[in-house]
Amino acid sequence: MDIKDNKQTGKPHITASGLMRGTGVFAILAGLLYIAIQFIHPAEELSAVRTAPWVMVAALSMLMSLFFLIGLTGIYVKQAQEAGWLGVAGYLIFSLFWLASTAFSFVEVFVLPLLATDAPLFVEGFLGIFGGGSSEADLGALTALAPIAGGLYLLGGLLLGIATFRSGVLPRAAGALLAFGAVVTLAAAVIPHPLDRILAIPMGLALIWLGYVLSSGRERSAGV
């Protein structure tokens, strides 16, 4: 991040370009965590909820979601004018998914371990929302989380990827990879869980790529 000394006040001066590069760093971290978590995530089972690995991975997932929100903001702002309304829609929808993901991970960290003993049926049902398991507990509206979240991820990532490709401010190939990373999740319908976690890799790579371009300040020569 570019921080320069203000000669008049003697205080650090944070530049717009420095903030933009900072969002790129967060995008890189988000992409790296997104890929890494797929390989270390504990099984979505009741017995795992109160273990240290579960809490650690859930906490990392919450942090990753926050990093995604910051990184996506930088990616959008950098090309806001060129991306147009398509970019606005993609950014807002995709950000809404990561905001919901932050809340979901918060529950995994701070709520589920406390309920594992007293309300095991609820915890198992909650774990099955995205893990594909059945539930004997009445989860009410929570059962709609998976299809809604899936729709936000697919539509938001696709629109932002297309907007990035069309704008030409950031690498077009990275925009295409972002869109592909969203669409490829449709393959989860035929790939059993947890093997479907590998579908997160293209999205992670797209964020790392776009984040690197932002953090290095090379976007002007990257529209290819």
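This is a chat between a student and a tutor about the predicted model shown above.

Student: Okay, how many helices and strands does the protein have?

Tutor: In this predicted model, the protein has eight helices and two strands.

Student: And what pattern do they follow along the sequence?

Tutor: Reading along the sequence, you meet the pattern β-β-α-α-α-α-α-α-α-α.

Student: What share of the residues counts as buried?

Tutor: The protein has 224 residues, and 43% of them count as buried.

Student: Let's look at how helices pack. How do people describe two packed helices?

Tutor: Two packed helices are described by the distance between their axes together with the angle between those axes.

Student: So at what angle do helix 1 and helix 8 pack?

Tutor: Helix 1 and helix 8 pack at an angle of about 160°, and their axes lie 7 Å apart. Because angles over 145 degrees count as roughly antiparallel, helix 1 is roughly antiparallel to helix 8.

Student: Is that crossing left-handed or right-handed?

Tutor: Where helix 1 passes helix 8, the crossing is left-handed.

Student: What about helix 6 and helix 7, at what angle do they cross?

Tutor: Helix 6, which covers residues 145-167, and helix 7, which covers residues 172-183, cross at roughly 165°, and their axes come within 7 Å. Helix 6 and helix 7 are therefore roughly antiparallel to each other, and their crossing is left-handed.

Student: Switching to the surface: which residues make the nonpolar patch?

Tutor: The nonpolar surface patch is made by V25, L29 and L32, and its area is about 240 Å². If you want to find V25 in the structure, look in helix 1, which spans residues 16-40.

Student: Is V25 buried, partly exposed or exposed?

Tutor: V25 has a relative accessible area of 41%, so V25 is partly exposed; the partly exposed class lies between under 20% for buried and over 50% for exposed.

Student: Now the loop between helix 7 and helix 8. Where is the cis peptide bond?

Tutor: The peptide bond from H193 to P194 is cis, with omega near 10°, and P194 is found in the loop between helix 7 and helix 8.

Student: Where does D196 sit, and why does D196 count as buried?

Tutor: D196 is also placed in the loop between helix 7 and helix 8, the latter being residues 201-216. D196 counts as buried because its relative accessibility is 17%, and the buried class is anything under 20%.

Student: How far apart are D196 and T185 in space?

Tutor: From C-alpha to C-alpha, D196 and T185 are 8.1 Å apart, while in sequence they are 11 residues apart.

Note on methods: Residues numbered from 1 in each chain as written. Predicted model: local features only at pLDDT ≥ 70, side-chain atom pairs only at ≥ 80, totals over all residues. Heavy atoms only, no water. Patch = residues over 30% accessible without salt bridge, like charges linked within 9 Å, V, L, I, M, F, W, Y side chains within 5 Å. Areas by Shrake-Rupley, 256 points an atom, 1.4 Å probe, with all protein chains shown as cover. Salt bridge = Lys/Arg side-chain N within 4 Å of Asp/Glu carboxyl O. Helix = DSSP H or I, 4+ residues; strand = E, 2+ residues; numbered from the N terminus. Buried < 20%, exposed > 50% of the residue type's maximum accessible area, 1.4 Å probe, protein only. Axes fitted to C-alpha atoms, helices over the stretch in contact; angles between N-to-C directions. Parallel < 35°, antiparallel > 145°, perpendicular 65-115°, else oblique. Left-handed = near helix turned anticlockwise from the far one by under 90°.
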